[in-house]
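Work through the exercises below with the model open. Try each task before reading its solution.

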Amino acid sequence: MLSFIGCISIPKTIEHDDSLSFTKINGYKFHTKIVGEQHSKTVIVIHGGPGGDFHYLESLSELSKEYRVVFYDQRGSGLSPRVSSESLTIEQNLKDLYGFVEKFSKEEPAILIGHSWGAMLATAYINKYPKHISHVIAVEPGMLHKDAAKAFVSNIKETQGIGDMFVLIRHMLAYPFISKVDKHEGFDYVMTQLLNRNKPGAPYQCENDSMPKDSFSRAGYDAFNTMLKPIMDNPELFNYELTDNLTNYKGNLLFISSECSVFGFDFQEKYHLPFLPLQTQHIKALKMGHNMITLNPGWSLQIIMDFLD
């Protein structure tokens with residue numbers, strides 16, 4: 001049995017892999033991918049999670065024909081270095097995003113594209129810094145205020161069954177055999193396997209849709225465990241109002257929501273749209289689920305380009 005210990009590996013973070021590209025913001029090295037001409041207007045892509053990575057959103061690289069596109073793995077997530085739980089907060093994520101906007105878009109306002117948790121951060125950003133951004137594309141945020149958090153958690157839990165627990169246990173059995181360098185690989189591996197689980201249907205996808213294999217490179221379990229798991233256990237802990245100053249945002253705002261997700265178009269119309277600026281456009285992704293950028297990149301890119309044009 002001992003001969004199998006350490007035989008499963010997952011990608012190393014930039015702390016242990018010098019070949020990975022990075023950008024230093026606020027004294028921290030973020031794993032980044034930057035495509036497009038330096039003089040072009042900047043698009044910053046904010047991935048989902050908390051605890052995901054940007055790998056599943058790389059179809060947005062097509063925007064580099066007209067824009068400079070900045071992908072980054074958030075603090076403690078993806079291939080960015082692991083950190084203490086004290087710095088895994090919404091507030092720190094907004095400080096980090098502010099740093100990216102400052103670094104890559106000094107001459108003119110930037111564009112933000114956020115998916116899921118990333119859409120929450122994008123909305124929270126313009127709620128706090130309304131003048132820094134010209135366009136925001138927010139794709140199906142989970143919760144922007146307390147009532148939305150309660151409904152989000154309820155909708156997700158209604159779709160969970162005993163089969164999900166068996167899948168978790170199966171992946172946990174691999175924990176002893178995972179090669180460990182930064183000591184986070186074990187739980188990161190399990191979460192990555194869960195994110196890459198090709199499960200069609202609720203809560204995220206349409207009945208015949210499932211994510212491509214290996215859509216996610218490496219999850220950040222601590223980021224999820226610190227920022228979202230407590231909310232899933234008790235939604236009363238979500239004490240944020242991420243829309244209370246949005247009337248100060250005068251830029252362009254596009255919401256994209258799916259037909260199939262349990263927090264899709266109808267959820268967004270009920271819980272989020274009433275709190276958004278009047279100039280907000282809301283588009284329904286027909287016959288699509290939460291991951292329409294990954295599963296329907298052609299449609300998603302066209303909608304985004306039309307909005308930006």
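**Exercise 1. Strand E7 and its neighbours**

Task: Determine how many bridges join strand E6 to E7, and in which sense the two run.

Solution. This is a predicted model. Start with E6 (residues 133-139). Five bridges join E6 to E7, and the two strands run parallel. Find a pair to anchor the register: Ile-137 stands opposite Leu-254 in E7.

Now turn to the pairing of E7 with strand E8 (residues 281-285). Five bridges link E7 and E8, again in the parallel sense. Two positions fix the register here. Phe-255 faces His-282 in E8. The chain reaches E8 from E7 through helix H8 (residues 265-271), and this β-α-β crossover is right-handed. The second position is Leu-254, whose bridge partner in E8 is Gln-281.

**Exercise 2. Burial of E7**

Task: Decide how many of the seven residues of strand E7 are buried.

Solution. Take E7 as residues 252-258. Apply the cut-off: buried means under 20% relative accessible area. Six of the seven residues pass, so E7 is largely enclosed by the rest of the structure.

**Exercise 3. The whole sheet**

Task: Give the strand order of the open sheet and name its edge strands.

Solution. Eight strands line up as E1-E2-E4-E3-E5-E6-E7-E8, with mixed pairing. Look for strands that pair on one side only: these edge strands are E1 (22-25) and E8. Next comes the twist. On average, neighbouring strands are turned by 25° against each other, direction ignored.

Then add the helices. H1 packs on the sheet and touches E1, E2 (28-35), E3 (42-46), E4 (68-72), E5 (110-115) and E6. The direction of H1 makes about 105° with that of E1. Helix H10 (residues 297-308) also packs on the sheet, touching E5, E6, E7 and E8. The direction of H10 makes about 160° with that of E7.

**Exercise 4. Two helices in contact**

Task: Describe how the axes of helix H1 and helix H2 cross, and which residues meet.

Solution. Packed helices are described by the angle and the distance between their axes. Take H1 as residues 90-104 and H2 as residues 117-128. Their axes come within 10 Å and cross at roughly 70°. Angles of 65 to 115 degrees count as roughly perpendicular, so H1 is roughly perpendicular to H2.

List the contact residues. H1 contributes Ile-90, Asn-93, Leu-94, Leu-97, Tyr-98 and Val-101. H2 contributes Trp-117, Leu-121, Ala-124 and Tyr-125. Sort them by class: nine are nonpolar, one is polar and none is charged.

Conventions
Residues numbered from 1 in each chain as written. Predicted model: local features only at pLDDT ≥ 70, side-chain atom pairs only at ≥ 80, totals over all residues. Heavy atoms only, no water. Axes fitted to C-alpha atoms, helices over the stretch in contact; angles between N-to-C directions. Helix = DSSP H or I, 4+ residues; strand = E, 2+ residues; numbered from the N terminus. Parallel < 35°, antiparallel > 145°, perpendicular 65-115°, else oblique. Contact = heavy atoms within 4.5 Å. Nonpolar A, V, L, I, M, F, W, Y, C, P; charged D, E, K, R; others polar. Buried < 20%, exposed > 50% of the residue type's maximum accessible area, 1.4 Å probe, protein only. Pairing = 2+ DSSP bridges. Right-handed = clockwise from strand over helix to strand, strands pointing away.
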